[in-house]
Amino acid sequence: MTEHEHPVDPRSQAVEWHRRGMSHPDEIAAMVLRRLHEDVTVEPTYGDFFVAP
């Protein structure tokens, strides 16, 4: 089988999310886990969403 027979789903590629100015779902899940397990402020901050990956 060749790569062309089974293309990679672009939704699984973090770079495709970043190209559109969004965070990949795995990055959001990691952010949520960090907020749950670390001593951070209760409300999300601007920096939670706009950091370099």
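This is a short dialogue on reading the features of a predicted model.

Me: Let's begin with the fold. How many helices and strands are there in the chain?

Reply: A good habit is to list the elements and then read their order. Here the chain has 3 helices and 0 strands, and along the sequence the pattern reads α-α-α.

Me: What share of the residues of the chain counts as buried?

Reply: Of its 53 residues, 8% count as buried. You can set that beside the accessible surface, which comes to about 4900 Å² for the chain. Carbon and sulfur atoms account for 61% of that surface.

Me: Now the charged side chains. How many salt bridges does a search of the whole structure find?

Reply: The general idea comes first: side chains of opposite charge can pair when their charged atoms come close. In this structure the search finds 3 salt bridges. One of them links the side chains of Arg11 and Asp9, at 3.2 Å from N to O.

Me: Are Arg11 and Asp9 buried or exposed?

Reply: Take each partner in turn. Arg11 has 60% relative accessibility, so it counts as exposed, the cut-off being over 50%. Asp9, at 32%, counts as partly exposed.

Me: Which side chain does Arg19 meet in a salt bridge, and where do the two residues lie?

Reply: Arg19 pairs with Glu16, with a distance of 2.9 Å from N to O. Both residues lie in helix H1, which covers residues 14-19. They are 3 residues apart, about one turn of the helix. Arg19 itself is exposed, with a relative accessible area of 60%.

Me: And which residue does Arg20 form a salt bridge with?

Reply: Glu16 again is the partner: the closest N and O atoms of Arg20 and Glu16 are 3.1 Å apart. Arg20 counts as exposed, at 52% relative accessibility. Salt bridges with shared partners thus join Glu16, Arg19 and Arg20 into one network.

Me: Let's turn to nonpolar side chains. Which residues form a nonpolar patch on the surface?

Reply: Look for Ile28, Val32, Leu33 and Leu36. Together these four side chains' residues have about 380 Å² of accessible area.

Me: Where does Ile28 lie, and what is its relative accessible area?

Reply: Ile28 lies in helix H2, residues 25-37. Its relative accessible area is 39%, so Ile28 is partly exposed. That value also passes the cut-off for patch members, which is over 30%.

Notes: Residues numbered from 1 in each chain as written. Predicted model: local features only at pLDDT ≥ 70, side-chain atom pairs only at ≥ 80, totals over all residues. Heavy atoms only, no water. Helix = DSSP H or I, 4+ residues; strand = E, 2+ residues; numbered from the N terminus. Buried < 20%, exposed > 50% of the residue type's maximum accessible area, 1.4 Å probe, protein only. Areas by Shrake-Rupley, 256 points an atom, 1.4 Å probe, with all protein chains shown as cover. Patch = residues over 30% accessible without salt bridge, like charges linked within 9 Å, V, L, I, M, F, W, Y side chains within 5 Å.
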